[in-house]
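Here are some notes to read alongside the model, written for someone who is new to looking at protein structures. Please keep the view open and follow the points in order.

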Amino acid sequence: MSARRVRSSAATDPCGTRSPLPSGRAVQTAGITDVDELASIAAPRITRRTTASGTRARVRTKAVLITPTGTGTGRAGAQAIASGSARLRPLIAEAARQGLRLAFTVRMPKACYILASGSRTDSPGIRRDVIQRADHTEERSYGSATTGGFDAADFAARVDAAVGDVTAAVHRWLVETGRIHEGAHITHLEIRTWRPR
């Protein structure tokens with residue numbers, strides 16, 4: 001494939017991003033899989049993060065939490081999105097175990113959405129405005145306590161079907177429901193849970 005063809009295919013992509021691998025393709029790896037052995041190999045190359053002044057940086061130790069009342073929130077930014085938002089999987093699994101409801105907010109380039117901003121078809125019953133950012137991205141919320149949200153068990157099954165990739169599961173739902181283009185790239189993701197009344 002020539003460089004010219006690559007450029008022209010990127011120009012026709014509605015989101016300006018490259019499409020994900022077609023389904024059915026897998027990455028295969030081999031080598032050491034024992035966690036302790038991997039940790040011993042990595043130990044000499046690992047240093048604790050520091051701040052600009054040289055002091056030890058605070059590191060987030062607990063990514064997700066569900067309170068006794070059933071409310072919980074988990075967020076994933078660009079770095080976590082690149083690895084499939086794996087930190088959100090325990091939140092969704094625990095919400096499913098407790099029979100909770102969930103909602104989520106996604107952020108991506110405006111051009112990646114199919115439906116217009118604030119469309120009732122896109123997010124029916126959500127009273128919050130669409131948040132538009134200076135970097136040409138938008139945050140849109142799907143589900144809320146007033147609309148009933150989504151069954152956490154259903155989303156847990158979607159995440160399991162995506163081999164633990166929360167971003168892929170949310171992306172697939174948004175594509176299936178006609179809300180985003182296939183090649184859309186989610187830049188931020190937030191999951192919220194609550195106990196149904």
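1. In which loop is the place of Gly149? In this model, which is predicted rather than determined by experiment, Gly149 lies in the loop that runs between strand E4, residues 137-142, and strand E5, residues 150-151.

2. Is Gly149 buried or exposed? Its relative accessibility is 16%, and because the cut-off for a buried residue is under 20%, Gly149 counts as buried. Leaving aside residues up to four places away in sequence, Gly149 touches Arg101, Leu102, Gly143, Ser144 and Trp194. One of these, Leu102, is 47 residues from Gly149 in sequence, yet the two C-alpha atoms are 5.5 Å apart in space.

3. The strand that comes before this loop, E4, deserves a careful look, since six of its six residues are buried. Both faces of E4 are covered, with Thr137, Glu139 and Ser141 buried on one side and Glu138, Arg140 and Tyr142 buried on the other.

4. Which way do E2 and E4 run relative to each other, parallel or antiparallel? They run antiparallel and are joined by six bridges, and within this pairing Thr105 stands opposite Ser141 of E4.

5. Turning to helix H4, which spans residues 89-97, the buried residues are Leu91, Ile92 and Ala95. These three lie on the same side of H4, because they cover an arc of only 95 degrees around the axis. A general rule helps here: an α-helix has 3.6 residues a turn, so residues three or four places apart point the same way.

6. What do the buried residues of H4 pack against? Their partners are the strands E1 (72-76), E2 (101-109) and E6 (188-194), together with the helices H5 (152-161) and H6 (166-176). After H4 comes Gly99, which has a positive phi, near 70 degrees.

7. Finally, it is useful to step back to the whole chain, which has six helices and six strands, arranged along the sequence in the pattern α-α-β-α-α-β-β-β-β-α-α-β. Of the 197 residues in the protein chain, 33% count as buried, while the chain exposes about 12900 Å², of which carbon and sulfur atoms supply 53%. Among contacts with a separation of 6 or more, 69% are between residues 24 or more positions apart, and the contact of Gly149 with Leu102, 47 residues away in sequence, is one example to find in the view.

Methods: Residues numbered from 1 in each chain as written. Predicted model: local features only at pLDDT ≥ 70, side-chain atom pairs only at ≥ 80, totals over all residues. Heavy atoms only, no water. Helix = DSSP H or I, 4+ residues; strand = E, 2+ residues; numbered from the N terminus. Buried < 20%, exposed > 50% of the residue type's maximum accessible area, 1.4 Å probe, protein only. Contact = heavy atoms within 4.5 Å. Areas by Shrake-Rupley, 256 points an atom, 1.4 Å probe, with all protein chains shown as cover. Arc of directions from axis to C-beta. Pairing = 2+ DSSP bridges.
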